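Thanks for coming, everyone. I'd like to walk you through one structure today, mostly by asking how its pieces sit against each other. Let me put it up on the screen.

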Amino acid sequence: MAKEILPKPDGKYWRVRVRRPSQGVNLMERFPTKQEAQDYIDKTVVPLLSKSERPIEANPSHMTFGTFADLYLKQPMMDMTGERELKPSSAYERLVRINVLKDLLGTIKLSRLTPKVLEQKLDSQQWGRQSRQKYEVTLNRMFEWGRTKDAGKLIAANPINGIVRTSGKSRKLKRVYTEREWTTLLEH
């Protein structure tokens with residue numbers, strides 16, 4: 001990491017340059033001696049790059065959905081309230097759904113993942129209404145997690161909100177009232 005750069009008129013400098021856009025790190029520092037540069041690496045750069053010191057931030061223009069899903073899978077799987085971890089069977093079902101979505105959307109960059117692209121990919125699978133709804137809910141959870149501070153605000157908006165959800169399409173049944181029900185309704 002510390003490497004010699006071209007000498008300036010007043011002598012040689014040592015440069016520490018770290019570019020990790022997937023973690024939100026872009027450093028460029030110059031030092032007069034190699035030892036100072038190495039101390040900077042040991043005291044500042046190494047802790048900065050460790051996962052315990054800094055939340056992961058990503059550049060969505062370079063991050064694919066597969067990488068995003070891997071980051072999501074590293075988080076503990078919590079229930080809707082966020083207070084308890086899921087039961088092993090529920091966690092396994094969610095893991096299976098995420099892996100199916102990774103196979104379907106894995107190579108698409110997050111910057112190109114629009115509601116239209118999502119809808120086309122989901123339609124291409126020809127899932128039934130209930131199956132598709134489960135995958136939509138999983139996608140929604142993933143994208144909402146991506147918007148949080150814990151995730152480093154990987155995405156600005158949830159693209160699942162722009163697609164036509166199947167959950168409410170056939171929920172209301174058209175039902176004919178009986179004569180007795182009509183009279184009861186009209187009396188009240």
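Let's go straight to helix α4, residues 115–124, and helix α5, residues 129–146: they pack at an angle of about 145°, and their axes are 11 Å apart. Keep in mind as I go that this is a predicted model. The handedness of the α4 and α5 crossing is right-handed.

Who actually meets whom there? On the α4 side you have L118, E119, L122 and D123, and on the α5 side they meet R132, E136, L139 and F143. If you sort that contact of α4 with α5 by class, you get four nonpolar and four charged residues, with no polar ones.

A word on why the residues in such a list are spaced the way they are. An α-helix has 3.6 residues a turn, so residues three or four places apart point the same way.

Now let me stay with α5 for a bit. A quick sanity check on its length: with 18 residues at 1.5 Å a residue, α5 should span 26 Å, and its end C-alpha atoms are indeed 26 Å apart, so the two agree.

Which residues of α5 are buried? They are R132, Y135, E136, T138, L139, M142, F143, W145 and G146. And what covers them? The cover includes α2, which is 65–73, α3, which is 88–105, and α4.

Let me pick one out of that set. T138 sits in helix α5, and its relative accessibility is 2%, so T138 counts as buried. Leaving out residues up to four places away in sequence, T138 touches R97, I98 and L101.

Okay, next partner. α2 and α5 pack at an angle of about 80°, with 11 Å between their axes. That makes α2 roughly perpendicular to α5. From α2, the residues involved are F65, F68, A69, L71 and Y72, and they meet L139, R141, M142, F143, W145 and G146 in α5. By class, that contact of α2 with α5 comes out as nine nonpolar residues, one polar and one charged. You may recognise L139 and F143 from a moment ago: they are among the α5 residues that meet α4, and they turn up here against α2 as well.

So what about α2 and α3? Their axes come within 9 Å and cross at roughly 165°. That makes α2 roughly antiparallel to α3. The crossing of α2 past α3 is left-handed. The residues making the contact are F65, G66, A69, D70, Y72 and L73 of α2, together with R94, L95, I98, N99, L101, K102 and L105 of α3. Split by class, the contact of α2 with α3 has eight nonpolar, two polar and three charged residues. And I98 and L101 are familiar names, since T138 touches them too.

Let's move to the loops. Two residues are worth a look in the one between α3 and α4, and I'll start with I108, which lies in that loop. Is I108 buried or exposed? At 16% relative accessibility, it counts as buried, because the cut-off is under 20%. What does I108 touch? Not counting residues up to four places away in sequence, I108 touches M63, T64, F65, L113, V117 and K121. As for T64, its C-alpha atom and that of I108 are separated by 5.4 Å, although the two residues are 44 residues apart along the chain.

The other one is K109, also found in the loop between α3 and α4. With a relative accessible area of 34%, K109 is partly exposed. Its C-alpha atom is separated from that of G66 by 8.7 Å, and those two residues are 43 residues apart along the chain.

One more loop, the one between α4 and α5, which is where you find Q126. Q126 isn't a glycine, yet it has a positive phi of about 55°. With a relative accessible area of 73%, Q126 is exposed.

Let me zoom out to finish. In total the protein has six helices and three strands, and read along the sequence they follow the pattern β-β-β-α-α-α-α-α-α. The protein has 188 residues, of which 29% count as buried. And taking the contacts with a separation of 6 or more, 53% are between residues 24 or more positions apart. That's my tour, and I'm happy to rotate the view if anyone wants another look.

Notes
Residues numbered from 1 in each chain as written. Predicted model: local features only at pLDDT ≥ 70, side-chain atom pairs only at ≥ 80, totals over all residues. Heavy atoms only, no water. Axes fitted to C-alpha atoms, helices over the stretch in contact; angles between N-to-C directions. Helix = DSSP H or I, 4+ residues; strand = E, 2+ residues; numbered from the N terminus. Left-handed = near helix turned anticlockwise from the far one by under 90°. Contact = heavy atoms within 4.5 Å. Nonpolar A, V, L, I, M, F, W, Y, C, P; charged D, E, K, R; others polar. Expected span 1.5 Å × (residues − 1). Buried < 20%, exposed > 50% of the residue type's maximum accessible area, 1.4 Å probe, protein only. Parallel < 35°, antiparallel > 145°, perpendicular 65-115°, else oblique.
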